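This report describes selected features of one protein chain and its ligand. The structure is displayed below, and the sections that follow treat its contacts and surface in turn.

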Amino acid sequence: MKTRYWTWLGWPLGAAPLAWLVLEAASGQLGPDPAEVFVERLGWWALVLLLTCLTMRPAAQLLRVPGLVVWRRTFGVWAFGYVSLHFLAWATLLLGWDPNYLGEELGKRPYIIVGLLGWLAMWPLAATSTRKARRRMGARWAKLHRLVFPAVILGVVHQSWVQKSGYGETLIFALVLAMLLIYRGLKDHRLSNK
Ligand code: HEM
């Protein structure tokens, strides 16, 4: 099959968890507090997709399967989509867009500020995610896209703060993140020695 078709498969793959979640919500399967579960699941998928997108290049190089990188951009864009929906669902379903409540939440729960900073860091990435922007920006594109690291670090810190079912999941996220950072560090070191 041509690479082009594989690339496009990333879009429905990224949409599948959202479709599943909406179906679960519509059929009343999200438990006694569906709004909270809905918000949490969107955040969870955002982080998983962001980490998956970052893992693709190292995995392609280490496993010598270059084709793995084809979903990097799609999963990155989906991660931004899930975070944005996570924010919208939180502001709509949990806060009802009440500005007083919003101020109170920001003061009471600093993890929300951490999440908001992570989301803000992803905006320039999403805005320059097209092939055209990449071509136009040249070397500046790669520099700007390093913002993905603060974004994912903030995402993992945010998750560790809000998790309710023990630190097992946080440990897995943190381990994947640590491996990605070490890999990136080694690659930069090698490039600077060339
Ligand atoms: C846009 C700003 C953000 C807001 C307002 C926000 C808000 C929230 C809230 C209210 C929760 C649920 C906490 C609870 O149930 O007590 C949550 C959980 C979570 N958020 Fe965010 N968040 C934001 C950004 C992010 C970002 C950037 C990521 C990752 C890329 C993320 C990933 C998560 C994860 C993984 C969870 C936990 C899900 C679980 O335990 O199942 N959030 N967030």
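## A lysine in two contacts

Lys 164 has a relative accessibility of 60% and is therefore classed as exposed. The structure is a predicted model. In this model, the side chain of Lys 164 forms a salt bridge with that of Glu 40, with N and O 2.5 Å apart. This pair joins distant parts of the chain: Glu 40 belongs to helix α2 (residues 34-63), whereas Lys 164 sits in the loop between α8 and α9, and 124 residues separate them. Glu 40, at 38% relative accessibility, is partly exposed.

Lys 164 also takes part in ligand contact, as one of its polar side-chain atoms is 2.8 Å from an oxygen atom of the ligand.

## Surroundings of the ligand

The ligand is surrounded by 19 residues, and the closest are Glu 40, His 86, Trp 90, His 158 and Lys 164. Both members of the salt bridge between Glu 40 and Lys 164 are thus found in that closest group.

Two histidines approach nitrogen atoms of the ligand. In the side chain of His 86, an N or O atom lies 2.7 Å from a ligand nitrogen. For His 158, the distance from a polar side-chain atom to a nitrogen atom of the ligand is 2.8 Å. Helices α2, α3 (72-94), α5 (110-127) and α8 are the elements that contribute two or more residues to the shell around the ligand.

## Further salt bridges

Eight salt bridges are present in the structure. As a general principle, side chains of opposite charge can pair when their charged atoms come close. One further example is the pair of Arg 109 and Glu 105, whose side chains meet at 2.9 Å, N to O. The two partners differ in accessibility: Arg 109 is partly exposed, at 29% relative accessible area, whereas Glu 105 is buried, at 5%.

Arg 146 forms a salt bridge with Asp 188, the closest N and O atoms being separated by 3.2 Å. Here too the pair links distant parts of the chain: Arg 146 is located in the loop between α7 (139-144) and α8, Asp 188 in helix α9, and they are 42 residues apart. Arg 146 is partly exposed with a relative accessible area of 39%, and Asp 188 is likewise partly exposed, at 23%. Elsewhere, salt bridges with shared partners connect Glu 104, Glu 105, Lys 108 and Arg 109 into one network.

## Nonpolar surface patch

Ile 153, Val 157, Trp 161, Val 162 and Leu 181 make up a nonpolar surface patch of about 380 Å². Helix α8 (residues 148-162) supplies the largest share of this patch, namely four residues. Leu 181 is located in helix α9 (residues 168-192).

Why can Leu 181 be counted in such a patch? Patch residues need over 30% relative accessible area, and Leu 181 meets this condition because its value is 34%, which makes it partly exposed.

## Annotated transmembrane regions

In an unreviewed entry, UniProt lists residues 75-97, 109-129, 141-161 and 167-186 under "transmembrane region". Across residues 75-97 the model is 87% helix and 0% strand, with the end C-alpha atoms 29 Å apart. Residues 167-186 are 95% helix and 0% strand, and their end C-alpha atoms are 28 Å apart.

Methods. Residues numbered from 1 in each chain as written. Predicted model: local features only at pLDDT ≥ 70, side-chain atom pairs only at ≥ 80, totals over all residues. Heavy atoms only, no water. UniProt positions renumbered as here; feature names shortened; annotations may be inferred. Patch = residues over 30% accessible without salt bridge, like charges linked within 9 Å, V, L, I, M, F, W, Y side chains within 5 Å. Areas by Shrake-Rupley, 256 points an atom, 1.4 Å probe, with all protein chains shown as cover. Salt bridge = Lys/Arg side-chain N within 4 Å of Asp/Glu carboxyl O. Buried < 20%, exposed > 50% of the residue type's maximum accessible area, 1.4 Å probe, protein only. Near = heavy atom within 4 Å. Polar contact = N/O pair within 3.5 Å; in protein donor to acceptor, adjacent residues only side chain to side chain.
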